[in-house]
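This briefing is intended for a reader who has the sequence and the coordinates at hand. Please keep both in view while reading.

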There are 2 protein chains.
Amino acid sequence: MTTTSDVPHLTFGNLDEAIAELRRQGLRLSTVRRLILQALFAADGPVSAEYVARDLTLDVASVYRNLETMERHGLVRHVHLGHGPGLYALVGGGEHEYLFCERCGAVRVLSPSELDPVRTGIKQRFGYTASFTHFPIVGMCADCDDVHSRSPAQM
Amino acid sequence: MTTTSDVPHLTFGNLDEAIAELRRQGLRLSTVRRLILQALFAADGPVSAEYVARDLTLDVASVYRNLETMERHGLVRHVHLGHGPGLYALVGGGEHEYLFCERCGAVRVLSPSELDPVRTGIKQRFGYTASFTHFPIVGMCADCDDVHSRSPAQM
DNA sequence: ATACTTGCAAATGATTTGCCAGTGT
DNA sequence: ACACTGGCAAATCATTTGCAAGTAT
C-alpha cells in the first residue's frame with residue numbers, strides 16, 4: 001500500500017497554534033492533551049486512538065475521551081477508511097478530505113479546494129453539499145485499475 | 001428524517017430470481033436464508049442484521065453469517081451510513097449507491113448511472129474509479145442546507 | 001450419508017462510562 | 001479551592017467464532 005501524500009500532513013503551522021486554539025476554546029492544557037496533539041502533529045496521516053495510546057503509554061479511554069473533546073471543539077477530526085478503527089487527525093491549515101483505494105489501501109489526502117469541482121457537480125445534480133472528511137471517496141486508484149484490467153484475477 | 005427513495009428499493013425482479021441466483025452460486029436454500037432474502041426484499045432500504053434478526057426471531061449470529069455468505073457471492077451488499085451497524089440490501093436490478101444527509105439522516109438511493117458523471121469527474125482529476133456503495137456520499141441535503149443558512153443554529 | 005447450517009455461548013474489537021484519585025488554573 | 005482530567009475496571013455495541021445438534025441435497 002502506497003501513501004500518495006508525500007507532503008507531511010498539513011495542519012496548524014505548528015503545535016503552539018493548535019495549543020493556542022485549544023485554550024481559545026476554553027480547554028485546559030493537560031500533559032496528556034499536549035502529548036496527543038504532538039502525536040497527531042507528528043503523524044503523516046490520520047491515526048487510530050489505539051496507536052496514539054500505545055505510542056505514548058496512555059490509557060485508550062483517556063485518548064478517546066480527549067480526541068472526542070477536541071473533536072467537539074473543532075481541533076481534531078476522524079475518518080473511517082474501510083472497516084477497523086476510526087482514524088484521527090488535527091484539523092488546521094489544509095488537507096482533510098480523503099481518497100481511499102479499497103484494493104491496495106492507498107490513501108490520498110486532499111485539501112477541500114481540490115474536491116470543489118466534484119462537490120459542485122454533486123450540488124448541481126442532487127442538491128447535496130458533500131463532504132469527504134468523515135467517509136472518504138472509496139474506489140480503485142489508477143495503479144490498481146491498471147493491474148486489475150491486465151490480470152483477470154479478481155480481488 | 002426523510003427518505004428520498006419513494007420508489008421501493010429496486011433489486012431482483014422478484015424473490016425467485018434472487019433464490020435462483022443463490023442456487024446458481026452453489027448455495028443451499030435454507031429456511032433462514034429464504035426468510036432473510038424475503039426480509040431484504042420487503043425492506044424499502046438497507047437494514048441492519050439486528051433488525052432482520054429481531055424481525056424474524058432469528059439468532060443475530062446466523063443472520064450475520066448468512067449475510068456475509070451471500071455478500072461474498074454477490075447477492076447482498078452492505079453500506080455504512082454514519083456510525084452504527086452496517087446496513088444490508090439485496091443486490092440486483094438497480095439502485096445501490098447512496099447519498100446521506102448527516103443533518104437529518106435522509107438517505108437517497110441511486111442507481112450507478114446517476115452518479116456516473118460524478119465518477120467521471122473523479123476519474124479524470126484523480127485517476128480513481130469511485131464507488132459509493134460501501135460508503136455513501138455524505139453531506140447536507142438541500143432542505144437542511146436551506147434551514148441551516150436561515151437559522152444560525154449549528155448542528 | 002454427508003456436508004452445510006443453526007442456535008447458543010463465549011470471544012473479539014472498538015468505543016464508552018463510572019468512579020475516585022490527581023492536576024490545571 | 002474547584003472544576004476538570006487521568007487511569008483503571010467494567011459496560012456497551014457491532015461482529016465473529018467454536019461447537020454440538022439439526023437440515024438440505
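The notes below treat the chain fold, the relation between the copies, the two DNA strands and some individual sites.

The model is predicted. Chain A is superposed on chain B by a rotation of 180° with 0.0 Å of shift along its axis, at an RMSD of 0.1 Å. The two copies are thus related as by a two-fold rotation axis. Protein residues surround DNA strand C and DNA strand D, and residues of both protein chains are among the nearest to each strand.

**Fold of chain A**

- Chain A contains 6 helices and 7 strands.
- Along the sequence, these elements of chain A appear in the order α-α-β-α-α-β-β-β-β-α-β-β-α.
- Chain A has 155 residues, of which 51% are buried.
- Among the contacts in chain A with a separation of 6 or more, 55% are accounted for by residues 24 or more positions apart.

**How the copies meet**

- Of the interface residues of chain A, 100% are also interface residues in chain B, so the copies meet through the same surface.
- A:Ser131 offers an example of contact between the chains: setting aside neighbours within four places in sequence, A:Ser131 touches B:Val138 and B:Gly139 of the other copy, as well as A:Glu97 and A:Arg119 of its own chain.
- A:Ser131 belongs to strand E6 of chain A, which covers residues 129-131.
- The side chain of A:Ser131 also makes a polar contact of 2.9 Å with the side chain of A:Thr133.

**Surface near DNA strand C**

- The surroundings of DNA strand C comprise 19 residues, and those that come nearest are A:Arg23, A:Tyr64, B:Val32, B:Arg33 and B:Ser62.
- By class, the residues of this surface are 7 nonpolar, 5 polar and 7 charged.
- Sugar or phosphate supplies 59% of the atoms of DNA strand C within 4 Å of the protein, and bases supply the rest.
- A base is approached by A:Arg28, whose side chain has an N or O atom 3.2 Å from a base nitrogen of DNA strand C.
- Phosphate oxygens of DNA strand C are approached from chain B: an N or O atom in the side chain of B:Arg33 lies at 2.7 Å, and a polar side-chain atom of B:Asn66 lies at 3.0 Å.
- Helix H4 (60-72) of chain A, helix H2 (31-42) of chain B and helix H4 (60-72) of chain B are the elements that give two or more residues to this surface.
- H4(B) contributes the most, with 4 residues near DNA strand C.

**Surface near DNA strand D**

- DNA strand D is surrounded by 19 residues, with A:Ser30, A:Arg33, A:Ser62, B:Arg23 and B:Tyr64 the closest.
- Of the atoms of DNA strand D that come within 4 Å of the protein, 64% belong to sugar and phosphate.
- The surface near DNA strand D divides into 7 nonpolar, 5 polar and 7 charged residues.
- Two serine side chains of chain A approach phosphate oxygens of DNA strand D: A:Ser30 places an N or O atom at 2.6 Å, and A:Ser62 places a polar atom at 2.5 Å.
- From chain B, a polar backbone atom of B:Leu29 is 3.4 Å from a phosphate oxygen of DNA strand D.
- The elements that give two or more residues to this surface are helix H2 (31-42) and H4 of chain A, together with H4 of chain B.
- The largest contribution near DNA strand D is that of H4(A), with 4 residues.

**A buried threonine in H4 of chain A**

- A:Thr69 is located in helix H4 of chain A.
- The relative accessible area of A:Thr69 is 14%, which falls under the 20% limit, so A:Thr69 counts as buried.
- Beyond neighbours within four places in sequence, A:Thr69 is in contact with A:Leu27 and A:Arg33.
- A:Arg33 is thus a contact of A:Thr69 and also one of the residues closest to DNA strand D.

**Helix H5 of chain B**

- Helix H5 of chain B, residues 112-126, has a bend of about 35° at B:Val118.
- B:Val118 is itself buried, as are B:Leu115, B:Arg119, B:Gly121, B:Ile122 and B:Phe126 in H5(B).
- Just after H5(B), B:Gly127 adopts a positive phi of about 80°.

How values were computed
Residues numbered from 1 in each chain as written. Chains lettered and ligands numbered in written order. Predicted model: local features only at pLDDT ≥ 70, side-chain atom pairs only at ≥ 80, totals over all residues. Heavy atoms only, no water. Bend = angle between axes of the 7 residues up to and from the residue. Buried < 20%, exposed > 50% of the residue type's maximum accessible area, 1.4 Å probe, protein only. Least-squares fit on C-alpha atoms with pLDDT ≥ 70 in both. Contact = heavy atoms within 4.5 Å. Near = heavy atom within 4 Å. Polar contact = N/O pair within 3.5 Å; in protein donor to acceptor, adjacent residues only side chain to side chain. Nonpolar A, V, L, I, M, F, W, Y, C, P; charged D, E, K, R; others polar.
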